[in-house]
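This report describes the fold, the ligand surroundings and the interior of one protein chain. The sequence and the structure are shown first.

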Amino acid sequence: MPHAIDTLIATLESAATAEPDFYGAAFSRYFELCPDSRELMQHTDELMRGRMMEQVVSLLMDADAGSLEVYFKFEVGNHEAYGAQPHMYAHLFQACEDVTRECCALPWGSEEDVAWAKQRRVLLELIGRYSSVAD
Ligand code: HEM
């Protein structure tokens with residue numbers, strides 16, 4: 001059985017090939033799931049959103065994301081100043097998974113569900129550790 005992270009990467013790669021505007025689709029789904037985030041990101045343009053989503057996708061594909069304490073401490077702190085709250089991160093990762101599942105040309109089963117859930121748990125655990133705002 002492949003490692004969970006390889007399963008996740010394969011789904012993301014397939015989805016990004018099938019949907020050339022993967023970032024745009026992910027943001028649309030994100031704002032649908034999380035109107036608070038839509039409001040908070042109202043002033044951001046496509047370039048800024050693109051840079052943000054590029055980092056989000058890298059984190060989703062990072063087998064060692066759990067060791068990025070310094071990075072998360074810094075980014076979660078920055079994002080708190082923008083007004084980001086923990087539930088917004090959960091919605092962001094959910095949106096990426098939804099669009100990936102929708103666009104991915106590979107079969108999607110429990111292995112894919114588990115791979116995504118595992119990585120989401122790792123990322124949200126770190127984000128929760130460095131969040132000082134409660135949801
Ligand atoms: C792990 C998840 C996230 C990562 C890696 C991330 C990364 C980034 C990066 C790199 C930028 C700067 C883009 C640039 O100007 O170059 C950015 C900006 C921004 N992010 Fe995120 N982000 C994440 C989650 C969120 C969430 C959950 C929200 C909540 C809505 C959010 C709201 C914003 C806003 C409002 C800005 C613009 C800040 C400004 O006005 O300068 N981000 N993000």
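The account below moves from the whole chain to the ligand shell, then to helix α6 and the nonpolar core, and ends with some individual residues.

**Overall architecture**

The model is predicted. The chain holds seven helices and zero strands, and from the N terminus on its elements follow the order α-α-α-α-α-α-α. Its radius of gyration is 14 Å, close to the 14 Å that the globule rule gives for 135 residues, so the chain is as compact as a globular protein of that length. Along the principal axes, the C-alpha trace spans about 40 × 30 × 20 Å. Buried residues account for 25% of the 135 residues in the chain. Among contacts between residues at least 6 apart in sequence, 91% join residues at least 24 apart.

**The shell around the ligand**

Seventeen residues surround the ligand, written in the model as a shell of 17 residues, and those that come nearest are Ser 37, Arg 51, Met 52, Gln 55 and Met 88. Two or more residues of this shell are given by each of α3 (35-40), α4 (46-60), α5 (69-82) and α6 (86-103). Which of these elements gives the most to the shell? The answer is α4, with six residues. Sorted by class, the shell around the ligand consists of eleven nonpolar, four polar and two charged residues.

**Helix α6**

Helix α6 has 18 residues. From its first C-alpha to its last, α6 reaches 27 Å, close to the 26 Å expected at 1.5 Å a residue. The buried residues in α6 are Met 88, Tyr 89, Leu 92, Phe 93, Ala 95, Cys 96, Glu 97, Val 99 and Thr 100. Met 88 thus appears in two lists, as a buried residue of α6 and among the residues that come nearest to the ligand. The cover over the buried residues of α6 includes α1 (4-18), α2 (22-33), α3, α4 and α7 (110-130).

**The largest nonpolar core**

In soluble globular proteins, nonpolar side chains tend to be buried together. In this chain, the largest nonpolar core has 25 residues, of which Ala 26, Tyr 30, Leu 92, Ala 95 and Cys 96 touch the most other members. The elements that give two or more residues to this core are α1, α2, α5, α6 and α7. The most come from α6, which gives seven residues to this core. Which residues does Leu 92 contact, leaving aside its neighbours within four places in sequence? Leu 92 is in contact with Tyr 30 and Val 56. Tyr 30, like Leu 92, is listed with the core residues that touch the most other members.

**Individual residues outside the buried set**

Four further residues illustrate other settings along the chain. Ala 16 is found in helix α1, and Asp 36 in helix α3. His 87 has its place in helix α6, whereas Val 133 lies in the segment after α7.

Is Val 133 buried or exposed? Val 133 counts as exposed because it has 11 C-beta neighbours inside 10 Å, the limit for that class being 12 or fewer. Ala 16 is partly exposed, with 17 other C-beta atoms within 10 Å. Asp 36 is also partly exposed, with 14 other C-beta atoms within 10 Å. His 87 counts as partly exposed, with 14 C-beta neighbours inside 10 Å.

The table relates each of these residues to a second one, by separation along the chain and by the distance between C-alpha atoms.

| Residue pair | Separation in sequence | C-alpha to C-alpha distance |
|---|---|---|
| Ala 16 and Leu 33 | 17 residues | 21 Å |
| Asp 36 and Phe 72 | 36 residues | 21 Å |
| His 87 and Leu 33 | 54 residues | 11 Å |
| Val 133 and His 91 | 42 residues | 16 Å |

Leaving aside its neighbours within four places in sequence, Val 133 is in contact with Glu 80 and Gln 85.

Key. Residues are numbered from 1 along each chain as its sequence is written. This is a predicted model: local features need pLDDT of at least 70, side-chain atom pairs count only at pLDDT 80 or more; totals for chains, interfaces and linings use all residues. A residue is near a molecule or strand if its C-beta atom, placed from the backbone, lies within 6 Å of it. Helices (H or I, at least four residues) and strands (E, at least two) are DSSP runs, numbered from the N terminus. Ala, Val, Leu, Ile, Met, Phe, Trp, Tyr, Cys and Pro count as nonpolar, Asp, Glu, Lys and Arg as charged, and the others, Gly among them, as polar. The expected span of a helix is 1.5 Å times one less than its number of residues. A residue is buried if 20 or more other C-beta atoms lie within 10 Å of its own, exposed if 12 or fewer, and partly exposed in between; C-beta atoms are placed from the backbone. Two residues are in contact if their C-beta atoms, placed from the backbone, lie within 7 Å. A nonpolar core is a set of buried Ala, Val, Leu, Ile, Met, Phe, Trp, Tyr and Cys residues joined through C-beta atoms within 7 Å. The radius of gyration is taken over C-alpha atoms; the globule rule is 2.2 Å times the number of residues to the power 0.38.
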